[in-house]
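Q: Please take a close look at one part of this model. Pick a single residue, describe its surroundings, then set it in the wider fold.

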Amino acid sequence: MTGHIHEECGVFGIFAPETQDVAATAYYGLFALQHRGQESAGIVVNRDGVFSSYKDSGLVNDVFTKDILKKLGEGEMAIGHVRYSTTGASGRENAQPIVVNHLKGNMALAHNGNLTNAYELRSELENEGSIFHTTSDTEVIAYTITKERVKSRSIEDAVLASMDKLKGAYSLVVMSPSKLIAARDPHGFRPLCYGTREDGSVIVASESCALNAVGAKLVREIEPGEMLVITKDGVKNDTSHCGGKKSLCVFEFFYTARPDSEIDGCFVHDARKRAGAFLAEKYKIDADIVIGVPDSGLDAALGYSQASGIPYGIGFLKNKYIGRTFIAPDQKMREDRVKIKLNVIASAIRGKRVILVDDSIVRGTTSRPIVKQLRDAGAKEVHFLSSAPKFLNPCYYGTDIASRDNLIACHYSEEEIAKIIGADSVGYLDLEHAGLLTGGDGSGFCCACFDGAYPTEIPAEQAKNRFERPRSENPKFQNK
């Protein structure tokens, strides 16, 4: 990925027919979803209505040792979460799931997405006496549901009532003492699916790859606006919030999702190959080899190769012990870490005209060192292609693009970008092809980061970070 963009989060839940090691199942599920978030991880286990939880900053296998998993123990249910921060700073205090102890029963909640009205809801809740311990919008969701729970007959009624108030993107797993609930916002911005195992367990996860990791078979996607309620009596659904315009984030197919995941009947690997084929149709470059930037650029590079007839090769070796995306405090360190993360296989590209395919060009901050590595290894030409269209707008639904300021395509032409990053040419996927990657008619996707057509009302400027702004700059504290 070019430019250190953060993706969203990953959620996981299991309802088992009898007591078993649900903590281990959640661990394996989160491990399969690690690509969706590497800042923190957490698991909550429910045994006979008693919740045990653990969460911390770090990767799944660092957070959960054998001893910790053993302490979490067996149970009938568990939910888990891996996180990247979109609303709310990174850190242990914002790790999920969130556990609420309430007079009507405990609740645990994990969330993937980003609310567009989080600030307004939080202000309303605080004015009513709520005390927040985090800066994430997930706590806003938890308190909204808790508030509705006081007036509702059941936890599922409270979730449904909350869905009337929550705006923006949310795929939720909610656990009560006796129920596992999964809910998706009416636009379906973020993926959410469920499956079953032979032992009768029901699994909910952000992606089908997590189902595969725990031996579950995909049943289907949870529909936009749909709520599933899973109990000992089986799976029931509510579709009262369904029927709106579907707006699945198209970036799932470029970058976020794992290539072996199936979303809406399409495998991500196939979608990325189609992107490469579209690039080959648009950019007929005379070259000797096509390579991809690991990992999410590889499938599109293969698609370009197959469509163009230019041989596909492996141009980079990726250090698997470094996270998929990482942050360094300054540009020099970012460039140095690129060298640690990716190393050129010089024999594959020396003296050759190279087509380099990456999943996107966002800020361009790491494009130049990647191209320079190829030049230094002897590449004769480097043509840099993005399998995504130009990023021109901020995202308010869970991808960490806060403004247009640092989006390179907002300020420079393709020719200028090529000079900036040291490439012979630069090209992007056409916007009209973005929605066609799944083989459909192009409808049902949110492409707002590319075309600015937001499916919902968007928050005021700086709304995404108002929880972290200094008191002197935050209107919430003015005149106090």
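A: A polar contact is a pair of N or O atoms within 3.5 Å; within protein, one atom must be able to donate a hydrogen and the other to accept it. That cut-off matters for D137. The model is predicted.

Start with location. D137 belongs to helix 5, which spans residues 137-151. Its relative accessibility is 2%. D137 therefore counts as buried, since buried means under 20% relative accessible area.

Now the charge. D137 has no salt bridge, although it is buried. R83 is the nearest side chain of opposite charge, at 6.3 Å. A salt bridge would need a side-chain nitrogen of Lys or Arg within 4 Å of a carboxyl oxygen of Asp or Glu.

What does the side chain of D137 reach at 2.8 Å? The partner is the backbone nitrogen of L115. Another residue to locate is L121. L121 and D137 are 16 residues apart in sequence, and their C-alpha atoms are 9.3 Å apart.

Next, the chain around this site. The chain has 480 residues, and 59% of them are buried. Its secondary structure comprises 16 helices and 23 strands. Among contacts with a separation of 6 or more, 70% are between residues 24 or more positions apart.

One helix pair elsewhere rounds out the view. Helix 13 (residues 367-376) and helix 14 (residues 414-421) have axes that come within 8 Å and cross at roughly 65°. Helix 13 contributes S367, R368 and V371 to the contact, and helix 14 contributes K419, I420 and I421. By class, that contact has three nonpolar, two charged and one polar residue.

Methods
Residues are numbered from 1 along each chain as its sequence is written. This is a predicted model: local features need pLDDT of at least 70, side-chain atom pairs count only at pLDDT 80 or more; totals for chains, interfaces and linings use all residues. Side-chain values use heavy atoms; hydrogens and water are left out. Axes are lines fitted to C-alpha atoms, for helices over the stretch in contact, and angles run from 0 to 180 degrees between N-to-C directions. Helices (H or I, at least four residues) and strands (E, at least two) are DSSP runs, numbered from the N terminus. Contact means heavy atoms within 4.5 Å. Ala, Val, Leu, Ile, Met, Phe, Trp, Tyr, Cys and Pro count as nonpolar, Asp, Glu, Lys and Arg as charged, and the others, Gly among them, as polar. Buried means under 20% relative accessible area, exposed over 50%, partly exposed in between (1.4 Å probe, protein chains only). Lys and Arg count as positive and Asp and Glu as negative; His and the chain ends are not counted.
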